[in-house]
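Visitor: Please give me a close look at one part of this protein and tell me what surrounds it.

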Amino acid sequence: MTSPSNYSTAPVSEFLLICFPNYQSWQHWLSLPLSLLFLLAMGANATLLITIWLEASLHEPMYYLLSLLSLLDIVLCLTVIPKVLAIFWFDLRSISFSACFLQMFIMNSFLPMESCTFMVMAYDRYVAICHPLRYPSIITDQFVAKASVFIVIRNALLLSPVPILTAQLHYCGKNVIENCICANLSVSRLSCDNFTLNRIYQFVVVWTLLGSDFILIFLSYTFILRAVLRFKDEGAAAKALSTCGSHFILILFFSTILLVVVLTNVARKSVPMDIPILLNVLHHLIPPALNPIVYGFRTKELKQGCQKLLRWGL
């Protein structure tokens, strides 16, 4: 294991993750709720995917988009949470150089993929409510396939320079990352080089992608609200508002906690470093646990398919 000494000049081959540097006793208390949330996230998303796969009536564009969101949630959870729990339970703090930057790539690219998926789902609801007669001709399986390819390629290509630039920095000895995960800034601060370009690129690209996604999401739900308020059928209006309202609240939660994470990192001198570390971990866990419940199991058809799956399993 590479020594965590700050004065070594040997090249770094692995890093040491130090969760909550000021309050390491928190780890034992946090491991139980984090484990339960992890099991909930994995179980709910796996159940949603299996239900959609087995139930022929759910082979529709809207449910394919839900499947994509669940896949992204599962990958994000598996990338971050098992390593965090391994640190909490077994004190396995070391992470190899390549594994660290792979984790960084997945975190940096998959979070914008989720926001882009939210945007496509908002457009799906906009067409369904504002242009119901044109919905079958616009939101097709081909549309979902093209949207999925766009979501993956856009974010993978634009965010891949972040871990590449960070990996090319010169790490000349210090290898202790004061974080539970290989966040870009936490790792870059260990280098002996200037990482200003890396920091500016991440800031500009990530906020351009997330900002454009959330603007389009906001516009979609604004048009949906205007259309719903014109409905003469109060029952249909209430159903549309209930569905879209829960979706919008979840998206707002996703964006708010992300903004809090960024702001606490910016104001790290006035905020204890353990708070942004905890928020960063929770941001990779709470949305994946809530997404299948809010988006999926509130849908009547999916709820019935899940009940059928549970009866079949029993």
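Guide: Here is a tour of one helix and its neighbours. This is a predicted model, so local features need pLDDT of at least 70 and side-chain atom pairs pLDDT 80 or more, while totals for chains, interfaces and linings use all residues. Residues are numbered from 1 along each chain, and side-chain values use heavy atoms, without hydrogens or water.

Our helix is H3, residues 97-130 (helices are DSSP runs, H or I, of at least four residues; strands, E, of at least two). H3 packs on a sheet, touching S1, S2 and S3 (contact means heavy atoms within 4.5 Å). That open sheet has the order S2-S1-S3, with mixed pairing (at least two DSSP bridges make a pair). Strands S2 (94-96) and S3 (176-177) are its edges. S1, residues 14-17, pairs with S2 in the antiparallel sense over three bridges, and leucine 16 stands opposite serine 94 there. The direction of H3 makes about 85° with that of S2.

Now turn to helix H8 (196-228). The axes of H3 and H8 (lines fitted to C-alpha atoms over the stretch in contact) come within 9 Å and cross at roughly 20°. The two helices are therefore roughly parallel (under 35 degrees).

Both helices supply the largest nonpolar core, which has 47 residues, with Leu66, Ile217 and Tyr295 making the most contacts inside it. Such a core is a set of buried Ala, Val, Leu, Ile, Met, Phe, Trp, Tyr and Cys joined through side-chain atoms within 4.5 Å; buried means under 20% relative accessible area (1.4 Å probe, protein chains only). H3 gives the most to this core, 11 residues.

Methods
Buried means under 20% relative accessible area, exposed over 50%, partly exposed in between (1.4 Å probe, protein chains only). Axes are lines fitted to C-alpha atoms, for helices over the stretch in contact, and angles run from 0 to 180 degrees between N-to-C directions. Angles under 35 degrees count as roughly parallel, over 145 as roughly antiparallel, 65 to 115 as roughly perpendicular and the rest as oblique.
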